[in-house]
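Thanks for making time this morning. I would like to take you through one structure, and I will give the cut-off for each term when it comes up.

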Amino acid sequence: MPDRPPDDPTLLAGRLYDTYGASLYRYALMLLANAPAAEDAVQQVFASLLKGSTMAIEKDAHYLRRAVRNECYSTLRRQSLRDAHGGELLEAIAGADTRPEERLAIEDALRSLSPDQREVVHLHVYEGMTFQEIADASGESINTIASRYRYALAKLKQTLT
Amino acid sequence: MNDDHDLETLLRRYQPVGPPPALRTRIVDSAVDRRRAWPWAVAAAALLAATVGLHMGTSRLGRQVHFPERVDERIAALVELEQSFGEGEEARELAARVMRERDLIGVLEAARLPVGASGGPR
């Protein structure tokens, strides 16, 4: 974030959210495959950020993504979201050739992946991150990330064909 | 679907759903709640301090009065107070301050008991 955020917590919260909120929510949604849990995770991260007494928070996207990641994995450890109604995961890109049944099939296929597989698919496909960047962000080796991605795509192909 | 490129192309026709508009409201409102909590907490502490001051001005507090309280009860009360003020260093300090002022009030109340009363302070 280039400028120093304001001290007012509401302005700070609004500004941080407007900058990073949508991206963080999509990341949490793909990790958890559950919309209400993703909302809670993002809100929890923002609440933690705003707890600081100084409010002079200079956070970057990497920090926030890591915080959301930690919160999501904590959520997954605490509760099983497998049977919960997770809401929609995907929406069609405007102008793309899409079909509702295709979207549902892809959503089901994504739900069949493990959270860490969905995570790597999300970061690589939707966030455009390289395997090295994902490895740096997650603290795992690039080989682990590349392998995870390969297995994820194989499973998706198997489910979708 | 034969290769990874085809699958990635298929996936990229879609994107993860964005957040509902209500999420921004929830997050900003929670920040507002935190901001509102502080004037209340400071006002409560100030009122308590004023009460203590008034008691001190009118009581017979001129002697040493021992006011025992169990440590675990004190810690529990402190934690409860801190949680009521939110979290963090400021909440901890404020809770400790209120606790000290509570102690003073207790001392003042005890000082009003007849000397030598059962259970009274010495």
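I will start with the basis of the model, then go through the fold of chain A, the contact between the chains, and the nonpolar cores.

This is a predicted model, in which local features need pLDDT of at least 70 and side-chain atom pairs count only at pLDDT 80 or more, while totals for chains, interfaces and linings use all residues. Residues are numbered from 1 along each chain as its sequence is written, and chains are lettered from A and ligands numbered from 1 in the order in which they are written.

Chain A has seven helices and one strand, where helices (H or I, at least four residues) and strands (E, at least two) are DSSP runs numbered from the N terminus. Read from the N terminus, the order of elements in chain A is α-α-α-β-α-α-α-α. Of its 161 residues, 34% count as buried, which is to say that 20 or more other C-beta atoms, placed from the backbone, lie within 10 Å of the residue's own.

Now to the interface: 38 residues of chain A are in contact with 27 residues of chain B, a contact being two C-beta atoms, placed from the backbone, within 7 Å. On the chain A side, α1(A) provides the largest share, 11 residues. By class, that side has 22 nonpolar, eight polar and eight charged residues, with Ala, Val, Leu, Ile, Met, Phe, Trp, Tyr, Cys and Pro taken as nonpolar, Asp, Glu, Lys and Arg as charged, and the others, Gly among them, as polar.

The strands also meet across the chains, since β1(A) and β1(B), residues 14-16, run antiparallel and are joined by three bridges, where pairing requires at least two DSSP bridges. Within β1(B), Gln15(B) is the bridge partner of Glu91(A).

What, then, is in the largest nonpolar core? A nonpolar core here is a set of buried Ala, Val, Leu, Ile, Met, Phe, Trp, Tyr and Cys residues joined through C-beta atoms within 7 Å, and the largest has 47 residues, with Ala28(A) and Leu32(A) among those with the most contacts inside it. α1(A) gives the most to this core, 13 residues. Domain 1 (9-78) and domain 2 (100-160) of chain A both contribute residues, so the core lies between them; these bounds come from an automatic or database domain assignment. Leaving aside residues up to four places away in sequence, Ala28(A) touches Ala38(A), Ala41(A), Val42(A), Val68(A) and Cys72(A).

Methods: A residue is buried if 20 or more other C-beta atoms lie within 10 Å of its own, exposed if 12 or fewer, and partly exposed in between; C-beta atoms are placed from the backbone.
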